[in-house]
Amino acid sequence: MSDRLPGFSTLAVHAGAQPDPTTGARATPIYQTTSFVFNDADHAASLFGLQAFGNIYTRIGNPTNAVLEERVAALEGGTAALAVASGHAAQVVVLQQLLQPGDEFIAARKLYGGSINQFTHAFKSFGWNVVWADPDDIASFERAVTPRTKAIFIESIANPAGSITDIEAISTVARKAGVPLIVDNTLASPYLIRPIDHGADIVVHSLTKFLGGHGNSLGGIIVDAGTFDWSTGGKYPMLSEPRPEYHGIRLQETFGNFAFAIACRVLGLRDLGPALSPFNAFMILTGIETLPLRMQKHCDNAKAVAEYLAGHPAVASVSYAGLPSDKYNQLARKYAPKGAGAVFTFSLKGGYDAGVNLVSKLQLFSHLANVGDTRSLVIHPASTTHSQLDDAAKITSGAGPDVVRLSVGIEDKEDLIADLEQALGA
Amino acid sequence: MNHDAYPDNYIRGILNSVKSIAMVGASPVNVRPSYFAFKYLAQRGYDMIPINPGHVGKELLGKPFVASLSDIGRPVDMIDIFRNSSHIMPVIEEALTLDPLPKVIWMQLGARDDAAAAKAEAVGIKVVMNRCPKIEYGRLSSEISWMGVNSRTLSSKRAPAPTQGMRLSLNRMSVGGGDTAASDRAAKNKSEQS
């Protein structure tokens, strides 16, 4: 019984998944059930009172989902995790634990367009006020801190242009401000970047992307790093104060370094309701088993495609941090030495019309609004994912009218380049 | 012993060997962490003794409250202290007067007193600080995985479904704590600042 530290690929296959106690099934079973019987009245009361570990109802927890949670927690180096219905649901549940109406959070300006919409509009109606900062200007985060700031939110590799965020520098700002740093690690996956190693207190994912990896199942997850002290100054009453929902339990003192994940489960998921289907959890778990293999292939292909595009006469510029000439290449070497991800943008000399023309001519790249599929994907952000932003916001978020975004898949790179060649060349 | 990050084998060895646990600061209030831990450890088969001078004459889950460690009147393997860091030293000093000495002194989540720990370790007592035996037992048996917690254990063996009163195997391959290193570092920084 040695205290050996398994490698990433071993964890990707094994973490959280032991053979089923009842049947011995080796693959994780899909526990497609709403609810679980209690042993007796005392067991039921213990479970409802959070005194015992166990299952009650799939909106609060499910054994298939629990395997997924433990696996991602292990891959990210966190103390615990909570799986939810989507990446967007993860963001709602996280911020519900941190913000009261009238509070603020600081978010990087370069984010997935859906997150920008969610933060700007949906969260405003909850009284959660987003304050934008520029991830290329660390001081802009410091300037945005006020006494009402409760969190800082960034993407590790930012959508759509694949720019790399200086997580450590921003975590220093967060620590000084006494607020947790939340990192959306969707585009990197823990194979490329483990934000907790660089100072993140909370990691969120859209599991729909590289972790699931096959474009077939929605999901989201919240990972608790176990690093933030929620007890100071009554700033985070969901964690530090007696909870009337649970007869006066204080979650931090009861659950210690995984109290945030518990809060997300018993105060967030239980009451807001965005539960993940156990079937989706199973699909995503199966995907994660090959994450290290797929992610490396994604990155290698992306680099080859980016190099090809950078040399093409119809291309005005390529924004891929894996290219030595890219402004984010230094950060990529520091944070993502195995590869700079597989989502990036390029702009065409022919502008908007050339972008539309390219998308229509591609035969292997699929024109759709997703990233992180085995298949190569293409989209014109200005007319789709980022279409609800005004023109200035499109440009600052890296989605100007001449910009095309690729999510490079795991096909043979020669075929991807040939497809781009025929679509660009004609 | 490095009290910032315990090897799993150290914790495993303690939880596998102790049979009786005196819990200092055990509360009869059923939303207090001490009540949670007391109930859980009793259900997992440990011989639990609640210590709380304010409740002598009453029982906690069928076990009579005892006023102090000196009043237990029989040997105990482990003392589990549910008190703030500032109240640890007197408990350790009292524990060191017991004959025979306890084998283990355990301080709960948030509780740490390195000077008190050193006194106990000097006479051969194993010390754990800022941990919860319920959480550690649940983690090493992987029972806690049902809550999405990173148990830092792997196993290709089939584990029995836990039932009431059943002791669980804690002998699983261990990641050795390295994979929640960020959390351990944060706890260390906090204890150094205070």
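Analyst: Buried means under 20% relative accessible area, exposed means over 50%, and partly exposed is in between (1.4 Å probe, protein chains only). This is a predicted model, where local features need pLDDT of at least 70 and side-chain atom pairs count only at pLDDT 80 or more, while totals for chains, interfaces and linings use all residues. Residues are numbered from 1 along each chain as its sequence is written, chains are lettered from A and ligands numbered from 1 in the order in which they are written, and side-chain values use heavy atoms, with hydrogens and water left out.

User: Why is Ser189(A) called buried?

Analyst: Its relative accessible area is 0%, and that falls under the 20% limit, so the label is buried. Ser189(A) sits in helix 8 (residues 189-192) of chain A; helices (H or I, at least four residues) and strands (E, at least two) are DSSP runs numbered from the N terminus.

User: Which residues is Ser189(A) in contact with, leaving aside its neighbours within four places in sequence?

Analyst: His205(A), Phe210(A), Leu291(A) and Met295(A). Contact here is heavy atoms within 4.5 Å.

User: What makes Leu293(A) exposed?

Analyst: Its 65% relative accessible area is over 50%, so Leu293(A) is exposed. Leu293(A) belongs to helix 13 (residues 291-310) of chain A. Its C-alpha is 45 Å from that of Gly102(A), a residue 191 places away in sequence.

User: How do you know that Asp137(A) and Arg143(A) meet in a salt bridge?

Analyst: The N to O distance is 3.3 Å. A salt bridge needs a side-chain nitrogen of Lys or Arg within 4 Å of a carboxyl oxygen of Asp or Glu, so this pair passes. For the background, side chains of opposite charge can pair when their charged atoms come close. Arg143(A) is exposed because it has 60% relative accessibility, while Asp137(A), at 29%, is called partly exposed.

User: Why do Lys394(A) and Asp391(A) count as about one helical turn apart?

Analyst: They are 3 residues apart in helix 16 (residues 391-396) of chain A, which means a separation of about one helical turn. Their side chains form a salt bridge at 3.6 Å, N to O. The two ends get opposite labels: Lys394(A) is buried at 12%, whereas Asp391(A) is exposed at 56%. Elsewhere, Asp103(A), Arg148(A) and Lys150(A) are joined into one network by salt bridges that share partners. Over all chains, the search finds 28 salt bridges.

User: What about Arg243(A), is it buried or exposed?

Analyst: Buried, because its relative accessibility is 12%. Its salt-bridge partner is Glu245(A), at 3.1 Å, N to O, and Glu245(A) is partly exposed at 28%.

User: What joins the side chains of Thr208(A) and Ser206(A)?

Analyst: A polar contact of 3.2 Å. The rule wants a pair of N or O atoms within 3.5 Å; within protein, one must be able to donate a hydrogen and the other to accept it, and residues adjacent in sequence count only if both atoms are side-chain atoms. A polar side-chain atom of Thr208(A) also lies 3.1 Å from the backbone nitrogen of Gly219(A). Thr208(A) is in the loop between strand 8 (202-206) and strand 9 (220-224) of chain A, and it is buried at 9%. Beyond four places in sequence, its contacts include Gly213(A), Ser217(A) and Asn370(A).

User: How many disulfides does the rule count?

Analyst: The count is 0 over all chains. The test is a pair of cysteine sulfur atoms within 2.5 Å, so no pair meets it. As for two cysteines, Cys264(A) is buried at 0% and Cys132(B) is buried at 7%.

User: What is the area buried between chain B and chain A?

Analyst: About 4,400 Å², with carbon and sulfur atoms giving 55%. Buried area is the accessible area (1.4 Å probe) that two parts lose on being put together, summed over both. The contact takes 50 residues from chain B and 57 residues from chain A.

User: How many salt bridges cross the interface of chain B and chain A?

Analyst: The rule finds 3. Lys190(B) pairs with Asp229(A), with the closest N and O atoms 3.4 Å apart, so the distance is within the limit. There are also 17 residue pairs in polar contact across the interface (both at pLDDT 80 or more). Among the elements giving two or more residues to chain B's side are helix 1 (8-17), helix 2 (33-43) and helix 6 (181-193) of chain B. Helix 2 of chain B gives the largest share, 6 residues.
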